[in-house]
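Me: I am new to this structure and would be grateful for a close look at a single part of it. Please take the pairing of charged side chains, and describe where the partners lie and how far they are covered.

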Amino acid sequence: MAELVFFSGTMDCGKSTLALQMDHNHRARGRSGIIYTKLDRAGTDVLSSRLGLSTPAHEVGDELDFWDAVVEHATSGLRIDYLICDEVQFYTPAQVEQLARLVDEMGIDVFAFGITADFRTQLFPGSRRMIELADKVQVLQVEALCWCGRRATHNARVVDGAMVVEGEQVVVGDTKAGTETLVEYEVLCRRHFMRRMNSAAARAAASSPDVLPFDLDLCPVPPC
Ligand SMILES: [Zn+2]
């Protein structure tokens, strides 16, 4: 029985590595699949992991219809047993519905990977629809860590070194092209996310480089 499975986690928790491993395992069993991704850090038409592995992939644009695309592949004679869908938080809700339809009506397994919430702690529309429709939602067990050592559960956006909680939902990180600002992302535990205390702010607030402000009194929750 085909399934729609959503593997979710924060950034840095190994989602893309697992996506590559999943593809490898199914291929090794003689199954045939297609890999999709969107806005991968390594560029278009590639799925890459932080461990340095990468593979060619189909880039998902907003206009892509998964149903039409897969039917086209199938009618051209390609067998399709499964889809690997990375960065699914960036897909539209309609695309997630198309994926569910492929599972139900064509018996294709869909393994989707994505971040659930954005830098404001709000669900991405694609992830929300995935949580609503998936047969299984699996939270990845490789834990990303906050600078304080606690489990990181939140994705913070850092602009020119300072954490921000307002702005457009999708801004690809590490891209400085065309602008003077550097946008980065950092995973934090909830208490440091709420206190807007990313690692650079923690270093700045420390009385010496050896003493980071683990004491929460030193980093109160900012007023809204
Ligand atoms: Zn922390």
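**Salt bridges, beginning in one helix**

Reply: Helix α3 (residues 93-106) holds both Arg-101 and Glu-105, which stand 4 residues apart, about one turn of the helix. This is a predicted model. Arg-101 and Glu-105 form a salt bridge, and their closest N and O atoms are 3.4 Å apart. As to accessibility, Arg-101 has a relative value of 38% and therefore counts as partly exposed. Glu-105, at 53%, counts as exposed, because the class of exposed residues begins over 50%.

A comparable arrangement occurs in helix α1 (residues 15-28), where Asp-23 and Arg-27 are likewise 4 residues apart, about one turn of the helix. Their salt bridge has its closest N and O atoms 3.0 Å apart. Here Asp-23 is buried, with a relative accessible area of 7%, whereas Arg-27 is partly exposed at 41%.

Asp-118 and Arg-120 form a further salt bridge, in which the closest N and O atoms are 2.8 Å apart. Asp-118 has a relative accessibility of 2% and so counts as buried; Arg-120, at 28%, counts as partly exposed.

Charged residues are also joined in a group: Glu-97, Arg-129 and Glu-132 are linked in a network of salt bridges. Over the whole structure, the search finds 9 salt bridges. As a general matter, side chains of opposite charge can pair when their charged atoms come close.

Conventions:
Residues are numbered from 1 along each chain as its sequence is written. This is a predicted model: local features need pLDDT of at least 70, side-chain atom pairs count only at pLDDT 80 or more; totals for chains, interfaces and linings use all residues. Side-chain values use heavy atoms; hydrogens and water are left out. A salt bridge is a side-chain nitrogen of Lys or Arg within 4 Å of a carboxyl oxygen of Asp or Glu. Helices (H or I, at least four residues) and strands (E, at least two) are DSSP runs, numbered from the N terminus. Buried means under 20% relative accessible area, exposed over 50%, partly exposed in between (1.4 Å probe, protein chains only).
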